[in-house]
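This report describes one protein structure for a reader who has not met it before. The sequence and the structure come first, and the text follows.

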Amino acid sequence: MKFTFTHIVISVIVTITILGLLRYRPWNNNNAVNFRDVIHEGSNNKAIRELTVGFLPVTCHLTCPVTDYASKTTVTSTNFNSRVFSDFPTVVSALEAKQIQATFMIVPLAMKLREQGVPVKICYLGHRDGSEIVVGKNSTCRSLQDLKGKKVAIPSLYSNQNFVFHKLMEDYGMKPGDISFIVLPPPDMPTSLASGAIDAYFVGEPFCAKAELDGIGRILYYARDIWPNFISCALVVHEDLIRDHPEIVRDLVRGIAQSGAWAETHRAEAAKLASPYFRQDEKVLNYVLTADPHRVSYVQLTPTDDDLQQIQDMGLKMGLLKKRIPMRDLIDRDFVPQSITPALIDAASIPEPK
């Protein structure tokens, strides 16, 4: 049979199309994500299923990149992939569309989604503390009252940073309108501060440390001084996944819990491992994790009713949350291991950041 040039071109197009379908598997809803942002694909060659977990490049999501360990030690033959986001509205959209069924998310936003009927539950916490209020290095602001009339960036209206900031304002006798709040993606905050577009910001690390190391900002308040054991984010899981594949959720939470226990005592190594995921200079993460061990903590991460009730009460008082949700409908602790041991991560196997 004689092939014409047209036949050859058609054959090439068909071949490329088939290869593309095999690579991206559009029929698999769990993979309906932007693959440019899937920066880690599970490392278990024997895996028969996969789960993409969302995160932002903030240290309260640091145990998501470390799910590399969960993939290597999976007991459910699951590859846990990490997808990076730059802002929380995009995370919400992906979760509502079930492009992802598990993600790290600010706790009040998870409460708001539950209030709106999105079937999600909080299964674990990201970390404790690890957020700061940052002002310009040469700013004359020395206390919260000095921020009156200024612009302050927060990661979301439905963030604990926003809730706690307003609680601090109340403690100082300030009115809600005394400070102008704007919502910015965390990665944009240091550059906005440097350009003078904002006067301060309150966000999770490493974007506070980055301002310090770049010589553009300084810490005005540590979250731990405002609210000891401050909580920013949690692992949020869609109830469909909990119902249909509880064993995968248990496998994921185990990996994250053990990774957190490892990161607590292997801080420099955790910074090295997470650096390529965060697209951050390793020295910034290393500074956050090692300069002051009290700056961020990866222990006591099982969510308690008291912890989350305080957050819900603040949200209701501010009018951002409208309905009181019972903690049993919001939290699922069944997947947290009874005994959390540090992950057996070989530091020598961690690749050098490029």
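A cavity is a set of grid points, taken over the protein atoms alone, where a 1.4 Å probe fits but cannot get out. Its volume is the space filled by probe spheres set on those points. The model examined here is predicted.

**Cavity**

There is one cavity of 30 Å³ or more. The largest cavity has a volume of about 60 Å³. Its lining is made up of V58, C60, H61, F88, I106, P155, Q161, P186, V203, G204, S232 and C233. Sorted by class, eight of the lining residues are nonpolar and four are polar, while no charged residue takes part.

**Overall make-up**

The protein has 14 helices and 13 strands. Of its 354 residues, 55% count as buried. Among contacts with a separation of 6 or more, 78% are between residues 24 or more positions apart.

**Aromatic residues**

A pair of aromatic rings is described by the distance of the centres and the angle of the planes. In this structure there are five aromatic pairs. One of the five is formed by W227 and F230, which meet edge-to-face, with 5.7 Å from centre to centre and 90° between the planes. The pair counts as edge-to-face because the angle of 90° is over the cut-off of 60 degrees.

Are the two partners buried or exposed? W227 is buried, with a relative accessible area of 11%, and F230 is buried as well, at 0%. Both residues belong to one aromatic cluster, which also takes in F165, F181 and F202.

Another ring, that of Y222, has a charged residue over its face: R224 lies there, at 4.5 Å from the ring centre.

**Helix α4 and the loop after it**

Helix α4 spans residues 107–115. How many of its residues are buried? Nine of the nine are, so α4 is largely enclosed by the rest of the structure. The buried residues of α4 include the charged residues K112, R114 and E115, and also V107, P108, L109, A110, M111 and L113. The helix is followed by G117, which has a positive phi near 95°.

P119 sits in the loop that leads from α4 to β5 (120–125). P119 is partly exposed, with a relative accessible area of 27%. Leaving out residues up to four places away in sequence, P119 touches R114, V237, H238 and E239. Of these, R114 is one of the buried residues of α4. P119 and L330 are 211 residues apart in sequence, yet their C-alpha atoms are 9.2 Å apart in space.

**K322 and its contacts**

K322 is placed in the loop between α13 (305–318) and α14 (327–330). Its relative accessibility is 62%, so K322 counts as exposed. Leaving out residues up to four places away in sequence, K322 touches K112, E115 and L316. K112 and E115 are among the buried residues of α4, so this exposed residue makes contact with a helix that is largely enclosed. K322 also has a C-alpha distance of 9.7 Å to Q312, 10 residues apart along the chain.

**Backbone features in loops**

Two residues other than glycine have a positive phi, and both are in loops. They are set out below.

| Residue | Phi | Loop | Relative accessible area |
|---|---|---|---|
| S77 | about 55° | between α2 (68–72) and β3 (78–84) | 29% |
| N229 | near 60° | between α8 (223–226) and β12 (233–238) | 37% |

S77 counts as partly exposed, and so does N229. The loop that holds N229 runs between α8 (223–226) and β12 (233–238).

Where is the cis peptide bond? This bond joins E205 and P206, with an omega of about 15°. P206 lies in the loop between β10 (200–204) and α7 (207–213).

Conventions:
Residues are numbered from 1 along each chain as its sequence is written. This is a predicted model: local features need pLDDT of at least 70, side-chain atom pairs count only at pLDDT 80 or more; totals for chains, interfaces and linings use all residues. Side-chain values use heavy atoms; hydrogens and water are left out. Rings of Phe, Tyr and Trp (its six-membered ring) pair if their centres lie within 6.5 Å; planes under 30 degrees apart count as stacked, over 60 as edge-to-face and the rest as tilted. Buried means under 20% relative accessible area, exposed over 50%, partly exposed in between (1.4 Å probe, protein chains only). A charge sits over a ring if NZ of Lys or CZ of Arg is within 6 Å of the ring centre and within 35 degrees of the ring normal. On a 1 Å grid over the protein atoms alone, a cavity is a set of points where a 1.4 Å probe fits but cannot get out, and a pocket is an open set with protein on both sides within 12 Å along at least five of seven lines; lining residues have an atom within 4 Å of a point. Helices (H or I, at least four residues) and strands (E, at least two) are DSSP runs, numbered from the N terminus. Contact means heavy atoms within 4.5 Å.
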